[in-house]
Amino acid sequence: MADLKEIGKQAKAARYILAGLDTDTKNKALFTAAECLEADAADILAENAKDLEAGRSRSMPEGLLDRLSLTQKRISDMAEGFARSLRFPIRSERFWIPSPVQTVLSSANAVFPSASSESSTNPVPT
């Protein structure tokens with residue numbers, strides 16, 4: 001198994017590359033990640049079972065074990081999360097929702113128009 005610190009360093013370095021990619025390329029990466037999660041689910045579950053057993057043998061608290069525990073549903077939910085990200089950006093006459101990748105939203109700058117608003121304060125960018 002690869003050293004976790006090295007994997008972390010590689011992931012940190014990759015974020016700069018990923019941040020500069022166009023939306024289509026990011027979408028392809030998200031789609032591939034979703035496909036790989038589903039395709040490799042049996043292997044992921046088998047390795048997770050080993051990790052959980054190691055945690056139990058070290059008296060890891062049950063709450064933490066539950067949070068770390070993967071099921072087929074949890075893996076499917078992760079893959080669905082990737083797939084949902086593929087639906088961005090969304091543009092309509094009333095609002096625009098940019099790709100959530102590399103985006104931080106807060107209530108102060110939400111892009112959704114209010115339900116009572118007759119006109120959008122967030123016009124579609126051109």
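The following questions and answers cover the nonpolar core and salt bridges of a predicted model.

In this predicted model, local features need pLDDT of at least 70 and side-chain atom pairs count only at pLDDT 80 or more, while totals for chains, interfaces and linings use all residues. Residues are numbered from 1 along each chain as its sequence is written, and side-chain values use heavy atoms, with hydrogens and water left out.

User: Which elements give two or more residues to the largest nonpolar core?
Analyst: A nonpolar core is a set of buried Ala, Val, Leu, Ile, Met, Phe, Trp, Tyr and Cys residues joined through side-chain atoms within 4.5 Å. Buried means under 20% relative accessible area, exposed over 50%, and partly exposed in between (1.4 Å probe, protein chains only). The largest such core has five residues: Ala34, Leu37, Ala41, Ile75 and Ala79. Two or more of these come from each of the elements α2 (23-39) and α5 (72-85), helices being DSSP runs of H or I with at least four residues, numbered from the N terminus.

User: How many salt bridges does a search of the whole structure find?
Analyst: A salt bridge is a side-chain nitrogen of Lys or Arg within 4 Å of a carboxyl oxygen of Asp or Glu. Arg74 and Asp66 form one of them, at 3.8 Å from N to O. The search of the whole structure finds four.

User: Is Lys50, the salt-bridge partner of Glu47, buried or exposed?
Analyst: The side chains of Glu47 and Lys50 meet at 3.1 Å, N to O. Both residues lie in helix α3 (residues 41-57), three residues apart. Glu47 is partly exposed because its relative accessibility is 44%. Lys50 has 54% relative accessibility, so Lys50 counts as exposed.
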